[in-house]
Amino acid sequence: MVERHVQVEQFRSFLTEQGLKYTRQRRAIAEVFFLSEDHLSLSQLLEKAQTEQPGIGYATVYRTMKLFVECGLAVEHKFGENHVLYEQSV
């Protein structure tokens with residue numbers, strides 16, 4: 001698996017290319033996601049990220065995970081209509 005700091009730099013570069021900022025909220029979500037070896041749901045990511053940034057909302061986690069998928073750092077697994085898990089790309 002790729003080291004966390006490499007993943008973070010890839011994400012930061014992707015955001016810059018898209019004209020987006022690397023915010024405190026995105027950093028907190030990245031830390032949670034890239035340090036985890038588990039498949040995580042949006043709710044699990046939200047709960048863990050809120051320990052770092054209490055003001056993070058569900059929509060922020062959702063949008064950030066979509067960005068991770070777009071830039072190839074995450075894979076989205078859909079299990080039915082309302083159950084999605086994310087894992088790091090290998």
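**Exercise 1. Strand register**

Which residue of β2 does His 77 stand opposite? Establish the pairing of the two strands in this predicted model.

*Solution.* Begin with the order of elements: from the N terminus on, the protein runs α-α-α-α-β-β, that is, 4 helices and 2 strands. Next, consider the pairing. Strand β1 comprises residues 74-78 and joins β2 in the antiparallel sense over 5 bridges. Then read off individual positions. His 77 stands opposite Leu 85, while Glu 76 has Tyr 86 as its bridge partner. Finally, examine the connection: 5 residues lie between the strands of this hairpin, and Gly 80 takes a positive phi near 90 degrees.

**Exercise 2. Environment of β2**

Determine why β2 is described as largely enclosed.

*Solution.* Count the residues with under 20% relative accessible area, the cut-off for buried. In β2, 4 of the 5 residues are buried, so the rest of the structure largely encloses this strand. For the protein as a whole, 37% of the 90 residues count as buried.

**Exercise 3. The largest nonpolar core**

Identify the residues that touch the most other members of the largest nonpolar core, and the elements that supply this core.

*Solution.* The core holds 24 residues, and Phe 33, Val 61, Met 65 and Phe 68 touch the most other members. Two or more residues come from each of α1 (4-18), α2 (24-35), α3, α4 and β2 (84-88). The largest contribution is that of α2, with 6 residues. A general tendency fits this picture: in soluble globular proteins, nonpolar side chains tend to be buried together.

Now take Phe 68 by itself. Leaving aside residues up to four places away in sequence, Phe 68 touches Phe 11, Ile 29, Ala 30, Phe 33, Phe 34, Leu 73 and Ala 74.

**Exercise 4. An aromatic pair**

Classify the ring pair formed by Phe 11 and Phe 68, and place it in the chain.

*Solution.* A pair of aromatic rings is described by the distance of the centres and the angle of the planes. The structure holds 5 aromatic pairs. For Phe 11 and Phe 68, the ring centres are 4.4 Å apart and the planes stand at 65 degrees, so the pair is edge-to-face. The cut-off used in this step is an angle over 60 degrees. As to location, Phe 11 belongs to helix α1 and Phe 68 to helix α4, so the pair links parts of the chain 57 residues apart. Both Phe 11 and Phe 68 are buried. The two also belong to one aromatic cluster, together with Tyr 22, Phe 33 and Phe 34.

**Exercise 5. An exposed loop position**

Is Gly 55 buried or exposed? Locate this residue relative to the helices and to Asn 82.

*Solution.* Gly 55 lies in the loop that separates α3 (42-52) from α4 (58-70). Its relative accessible area is 73%, and therefore Gly 55 is exposed. Between the C-alpha atoms of Gly 55 and Asn 82 there are 24 Å in space, for 27 residues in sequence.

**Exercise 6. Overall dimensions**

Compare the radius of gyration of the protein with that of a compact globule.

*Solution.* For 90 residues, a compact globule would have a radius of gyration near 12 Å; the value for the protein is 12 Å, which agrees. Along the principal axes, the C-alpha atoms fill a box of roughly 35 × 30 × 20 Å. Turning to the contacts with a separation of 6 or more, 52% are between residues 24 or more positions apart. Lastly, the protein exposes about 5600 Å², of which carbon and sulfur atoms supply 47%.

Note on methods. Residues numbered from 1 in each chain as written. Predicted model: local features only at pLDDT ≥ 70, side-chain atom pairs only at ≥ 80, totals over all residues. Heavy atoms only, no water. Buried < 20%, exposed > 50% of the residue type's maximum accessible area, 1.4 Å probe, protein only. Core = buried A, V, L, I, M, F, W, Y, C linked by side-chain atoms within 4.5 Å. Contact = heavy atoms within 4.5 Å. Pairing = 2+ DSSP bridges. Rg over C-alpha atoms; globule rule 2.2 N^0.38 Å. Areas by Shrake-Rupley, 256 points an atom, 1.4 Å probe, with all protein chains shown as cover. Phe/Tyr/Trp six-rings, centres within 6.5 Å; stacked < 30°, edge-to-face > 60°.
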